[in-house]
Amino acid sequence: NGSFLNYAKDNVLYVEGHHLDNFLQNKIGLCEVIQNRIGVILDRGAIEADPKSIDMVINTIESLRVIAGINCIGYKITDEPIGGHAIKMTDGSFCGEVKNPETLLKAAKELIKAGAPAIAIATHIDIEDMEKDLDSYSKGNLANPFGGTEALISHTISHLLKVPCAHAPILSKAEKDYYDSVGIVDPRASSEIVSPGYLGCILKGLNRAPQISNQYGITLDSVKAIIVPYGTCGGIPALMSQKFNIPLIAVKENKTVLDVTPEKMNMNAIIVNNYWEAVGVVAALKAGISPDMLRRPIKPIQNI
């Protein structure tokens, strides 16, 4: 998302992960819109822990309304704390838990009833070893500690209410103090340091996020290639590429904490070293040219 700095082009579809999995399983279609009306859920737990946090949230919403013309109908503070907690796995990835999803769903339903077909969610997520994990993340040595719990929160809304949604963390005072003192960080984390109003990027994304349909709009038939990091071939995108015979491009240069390679999964994949090569493969596929014909030497045809 890039924190406040969401500069996605108009031809980029902003789709929550659960909806994306359903799309790639050919269960739903994505209907493009000119603009969504957005409702914002705010976590009572975050506001109780740091009453000033709501000031940052409201100022972020107002700035997106004024500068980008976002149509935000209003916000709803949950009746109770949502209770998001990050859990670090042994491989360095993060999952999480949500202690009170009922209060989250209640707020979402009230916003939808008030006329918001897209939901932005801003909550606090507790990180057990906060400073150590955020420091490793800021240096590019660890996955995003918030990510696993964020996915649980947004997946819940997507699965049960079938609307576009996205999550942004509300930082605690200790987390804000850490970011104020951290100095220069890995370029991939730099936008989070300069713009702690994380809600801004998801408001901009949800502004034109496609609505979910039953096989109408853009469907899986429109997908000509799926690109993933080389070591992440155990997820829905890679698996569905094999089921529906969609070219799978695996990028070696994008390393992650996972090591689920095409070879280990016995997958038919086009393996490239970097995204420059991936773009070349996509260009060949769009032009109707076999990517193999762009390799040297060209392998001779075989007798089957």
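## The buried residues of helix H9

In this predicted model, the buried residues of helix H9 are Leu199, Gly200, Cys201, Ile202, Leu203, Gly205, Leu206 and Asn207. That makes eight of the nine residues of H9 buried, so the helix is largely enclosed by the rest of the structure.

What do the buried residues of H9 pack against? Their partners are four strands and one helix that you can pick out in your viewer: strand S2 (37-42), helix H3, strand S3 (71-77), strand S6 (118-123) and strand S8 (165-169).

## How H3 and H9 meet

Let's take a closer look at the helix partner. Helix H3 covers residues 53-68 and helix H9 covers residues 199-207. Their axes come within 9 Å and cross at roughly 35°, and the crossing is right-handed.

On the H3 side, the residues involved are Val57, Thr60, Ile61 and Leu64, and they meet Leu199, Gly200, Leu203 and Lys204 in H9. Sorted by class, this contact has five nonpolar, two polar and one charged residues. An α-helix has 3.6 residues a turn, so residues three or four places apart point the same way. With that in mind, it is worth following the numbering of the contact residues: Val57, Thr60, Ile61 and Leu64 on H3, and Leu199, Gly200, Leu203 and Lys204 on H9.

Three of these H9 contact residues, Leu199, Gly200 and Leu203, also appear among the buried residues of the helix.

## A proline in strand S10

Elsewhere in the chain, Pro229 is found in strand S10, which covers residues 226-229. Is Pro229 buried or exposed? Its relative accessible area is 18%, under the 20% cut-off, so Pro229 counts as buried.

Setting aside neighbours within four places in sequence, Pro229 is in contact with Val251, Asn254 and Thr256. For a sense of distance, the C-alpha atoms of Pro229 and His155 are separated by 22 Å, and these two residues lie 74 residues apart along the chain.

## The protein as a whole

Stepping back, the protein has eleven helices and twelve strands. The radius of gyration is 21 Å, close to the 19 Å that the globule rule gives for 304 residues, so the protein is as compact as a globular protein of that length. Along its principal axes, the C-alpha trace spans about 70 × 45 × 35 Å.

Buried residues make up 44% of the 304 residues. The accessible surface comes to about 16,400 Å², and carbon and sulfur atoms account for 55% of that area. As for the contacts between residues at least 6 apart in sequence, 73% join residues at least 24 apart.

Key. Residues numbered from 1 in each chain as written. Predicted model: local features only at pLDDT ≥ 70, side-chain atom pairs only at ≥ 80, totals over all residues. Heavy atoms only, no water. Axes fitted to C-alpha atoms, helices over the stretch in contact; angles between N-to-C directions. Helix = DSSP H or I, 4+ residues; strand = E, 2+ residues; numbered from the N terminus. Left-handed = near helix turned anticlockwise from the far one by under 90°. Contact = heavy atoms within 4.5 Å. Nonpolar A, V, L, I, M, F, W, Y, C, P; charged D, E, K, R; others polar. Rg over C-alpha atoms; globule rule 2.2 N^0.38 Å. Buried < 20%, exposed > 50% of the residue type's maximum accessible area, 1.4 Å probe, protein only. Areas by Shrake-Rupley, 256 points an atom, 1.4 Å probe, with all protein chains shown as cover.
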